Amino acid sequence: MACIPTQLPLDQQQSSQKMIRMKSLGLRASQDNPLIDCDDELSKSALFAFRAKEEEITKKKMEVKERVQAQLSRVEQETKKLAEIRNDLESLDDPSWKEGANVRKKVDLVNKELKSLGQNCLKKEKEYKEAVEAFNEKNKEKAQLVTRLMELITESEMARMKKLEEINKKLNPLPKHN
C-alpha cells in the first residue's frame, strides 16, 4: 500500500518516520523474539489505521472542494444574471420615471418641512394660549383693581361730601327763618 503524501505537522511526520524505522528494525528482530513480533503487528495495524484515516480525510477534502467549486460557479452565474438585469433596467431610460422619482424626493422634502413647521406651529399655538391666558388673568386683576379703586373713590367722595356738609353747616348756622 502506497503512502499518500500529505502535509502533516512536523511532530507527526517525525513520529511516523520513527515508527517506520522501528518497523523495519522490528521485522528483523521479530524473527528472534515473539514479543517484538506482537509489537510489530500492533505497529502495522496502527500504521494501516493511520493511512486509512489519512485517505478518508483526503477524500472528504476533495468532496468539500468540489462542493465549494460548484457553489462558486453558481454564484458567478447569478452575478452574471444580475449584471444583465441591471443593464436591462438602465437601458429602459424612461424620462417620466426619473421625473416621478424627482417629484417623490421633493414631496419627501416638503413633508419634512411641513412636519417641522407643524411642530413649530403647535409650539407657537401653545405659547399664544399661554400668553392669552396670562393676558386674561391680568385683565381680571386690572378689573378687580379698578373696581376697588372705584369703591375707594366713591367712599372718599362720600367722606369728602360729609366733611363739606359739616363744614358748610358750621359756616352757615341754621338757616334764618323769615
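1. A quick definition to start: a salt bridge here is a side-chain nitrogen of Lys or Arg within 4 Å of a carboxyl oxygen of Asp or Glu. Glu78 and Lys81 make one of these, with their side chains meeting at 3.8 Å, N to O. Keep in mind while reading that this is a predicted model.

2. Now for the overall picture. The protein has three helices and zero strands, and from the N terminus on, the order is simply α-α-α. Two of those helices come up again below: helix α2, which covers residues 34-91, and helix α3, which covers residues 95-171.

3. How much of the protein counts as buried? Of its 178 residues, just 4% do. The exposed area comes to about 17,000 Å², and carbon and sulfur atoms supply 60% of that.

4. Back to the salt bridges, of which the count is five. The pair from the first point, Glu78 and Lys81, sits in helix α2, with the two residues three apart, about one turn of the helix. Glu78 has 43% relative accessibility, so it counts as partly exposed. Lys81 is also classed as partly exposed, because its value is 48%.

5. Another of the salt bridges joins Glu56 to Lys60, and here the closest N and O atoms are 3.7 Å apart. Both residues belong to helix α2 and are four residues apart, again about one turn of the helix. Glu56 is partly exposed, with a relative accessible area of 40%; Lys60 gets that label too, at 48%.

6. Is Asp40 buried or exposed? It counts as buried, because its relative accessibility is 5%, and the cut-off for buried is under 20%. The side chain of Asp40 meets that of Lys44 in a salt bridge of 4.0 Å, N to O. Lys44, for its part, is partly exposed at 25% relative accessibility. Once more the two partners lie in helix α2, four residues apart, or about one turn of the helix.

7. Helix α2 is worth a look for its nonpolar side chains as well. Which residues make the nonpolar surface patch of about 440 Å²? They are Leu82, Ile85, Leu89 and Leu92. Ile85 is in helix α2, and it counts as partly exposed because its relative accessibility is 47%. That clears the bar for patch residues, which need over 30% relative accessible area.

8. There's a charged patch to find too. Glu127, Glu130, Glu133 and Glu137 form a negative surface patch. One of the four, Glu137, lies in helix α3. Glu137 is partly exposed, since its relative accessibility is 48%.

9. If you have the structure open, here is a short route through it. Begin in helix α2 with the salt bridge between Asp40 and Lys44, where Asp40 is the buried residue at 5%. Go on to Glu56 and Lys60, then to Glu78 and Lys81. After that, pick out the nonpolar patch that includes Ile85, and finish at the negative patch that includes Glu137.

Conventions:
Residues numbered from 1 in each chain as written. Predicted model: local features only at pLDDT ≥ 70, side-chain atom pairs only at ≥ 80, totals over all residues. Heavy atoms only, no water. Patch = residues over 30% accessible without salt bridge, like charges linked within 9 Å, V, L, I, M, F, W, Y side chains within 5 Å. Areas by Shrake-Rupley, 256 points an atom, 1.4 Å probe, with all protein chains shown as cover. Lys, Arg positive; Asp, Glu negative; His and termini not counted. Charge placed at Lys NZ, Arg CZ, Asp CG, Glu CD. Buried < 20%, exposed > 50% of the residue type's maximum accessible area, 1.4 Å probe, protein only.
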